[in-house]
Amino acid sequence: MFNQRRPAYLLVSLILGLTTVACDTTAPTAAPVPSSASAVPATPTGAGTATTAVLPSLPPSELASPTASAISGAPSTGVTAVPATTTLPVATQAPATPTALTAPPPVVAQAPPATPAPTEQALAPEQNPAGDIPDTQAFITYRSTTGGYDLDVPEGWARSENGPTVGFIEKLNGETVTITDTAAAPTAATARTAQVAALQQSPRAVQVTSVKDVQLPGGAAVLIDYTSNSEPNAVTGKQVRLENNSYLFYHSGKLATVTVWAPLGADNVDQWQRIAHSFRWR
């Protein structure tokens with residue numbers, strides 16, 4: 001006997017199965033549908049009339065599923081379809097902004113900065129050979145109380161004193177005054193046998209070039225001109241050849257020997273004459 005409720009039951013089961021497959025998008029493979037659902041038998045609708053059951057229309061996403069393929073009789077591809085309601089995120093990227101081509105700014109010639117006016121003219125450096133006393137050298141008067149004399153000396157030279165004896169040194173230049181007792185005034189003749197002989201005993205290779213009598217503002221004197229080696233430098237031991245002038249002044253049993261020196265070849269004629277002409281007994 002034919003059961004009229006069976007076709008309706010199969011149709012409801014098929015719809016529920018398709019709904020379950022559509023909702024479960026994460027399952028790799030849907031559960032198989034009984035083979036009896038692959039074909040629905042004709043259901044009589046009336047006396048002597050048979051109609052074929054029609055499957056409900058399925059959306060494209062469900063037809064692409066393996067279960068739908070099994071129902072429709074098409075082979076399954078094994079690919080799970082994405083439900084129509086699922087929206088995949090799409091990366092949003094701002095449209096590229098074209099780079100504007102900008103011309104470089106024009107080169108504008110600028111005037112050089114103004115040079116401030118000098119406040120004074122630059123002075124040319126004074127060129128002096130080694131040992132020259134500058135023409136602009138200032139002098140001061142040195143007064144010896146114990147020696148009883150006055151003498152001009154270059155300002156700024158280092159000074160050393162020992163009673164009436166005094167010395168002034170500046171690099172390779174120097175000036176000294178020594179006071180000794182003597183019975184008579186010296187002359188060029190006596191100086192050759194006394195003072196010159198003593199100089200030649202020096203270990204500094206003394207060579208006397210001239211001995212003569214001179215008349216100066218401070219009185220009669222004897223001038224001895226000679227060359228010698230300098231004392232060794234205390235640090236380096238270096239020596240230079242010197243030119244020396246010694247002036248012998250006599251007064252009341254005292255002999256003042258005024259000696260100036262500089263490296264050989266230095267031009268100190270005017271400065272040495274000033275020193276010699278400035279000597280005075282007091």
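Me: On a 1 Å grid over the protein atoms alone, a pocket is an open set of points with protein on both sides within 12 Å along at least five of seven lines. In this predicted model, what is the volume of the largest pocket?

Reply: The structure is a predicted model. Its largest pocket, taken in the sense just defined, has a volume of about 730 Å³.

Me: Which residues are the closest to the centre of the largest pocket?

Reply: The lining of this pocket comprises 28 residues. Elements that give two or more residues to it are S7, helix H5 (195-200), strand S9 (219-229), S10 and S11. Closest to the centre are Ser 228, Glu 231, Leu 242, Asn 244 and Trp 261.

Me: How many charged residues does the lining of the largest pocket have?

Reply: By class, 12 lining residues are nonpolar and 12 are polar. The charged residues in the lining number four.

Me: Which strands are the edge strands of the open sheet?

Reply: Seven antiparallel strands form the sheet, in the order S5-S6-S7-S11-S10-S9-S8. From one strand to the next, the twist averages 15°. An edge strand here pairs on one side only, and the edge strands are S5 (158-162) and S8 (207-216).

Me: In S11, what is the bridge partner of Glu 243?

Reply: Strand S10 (residues 241-251) pairs with strand S11 (residues 254-263) in the antiparallel sense, over 10 bridges. Within S11, the bridge partner of Glu 243 is Ala 262.

Me: What angle does the direction of helix H6 make with that of S11?

Reply: Helix H6 (residues 269-278) packs on the sheet. The helix touches strand S7 (173-181), S8, S10 and S11. Its direction and that of S11 make an angle of about 170°.

Conventions:
Residues are numbered from 1 along each chain as its sequence is written. This is a predicted model: local features need pLDDT of at least 70, side-chain atom pairs count only at pLDDT 80 or more; totals for chains, interfaces and linings use all residues. Side-chain values use heavy atoms; hydrogens and water are left out. Two strands pair if DSSP finds at least two bridges between them. Helices (H or I, at least four residues) and strands (E, at least two) are DSSP runs, numbered from the N terminus. Axes are lines fitted to C-alpha atoms, for helices over the stretch in contact, and angles run from 0 to 180 degrees between N-to-C directions. Contact means heavy atoms within 4.5 Å. On a 1 Å grid over the protein atoms alone, a cavity is a set of points where a 1.4 Å probe fits but cannot get out, and a pocket is an open set with protein on both sides within 12 Å along at least five of seven lines; lining residues have an atom within 4 Å of a point. Grid points are joined across faces, edges and corners, and a volume is the space filled by probe spheres set on the points. Ala, Val, Leu, Ile, Met, Phe, Trp, Tyr, Cys and Pro count as nonpolar, Asp, Glu, Lys and Arg as charged, and the others, Gly among them, as polar.
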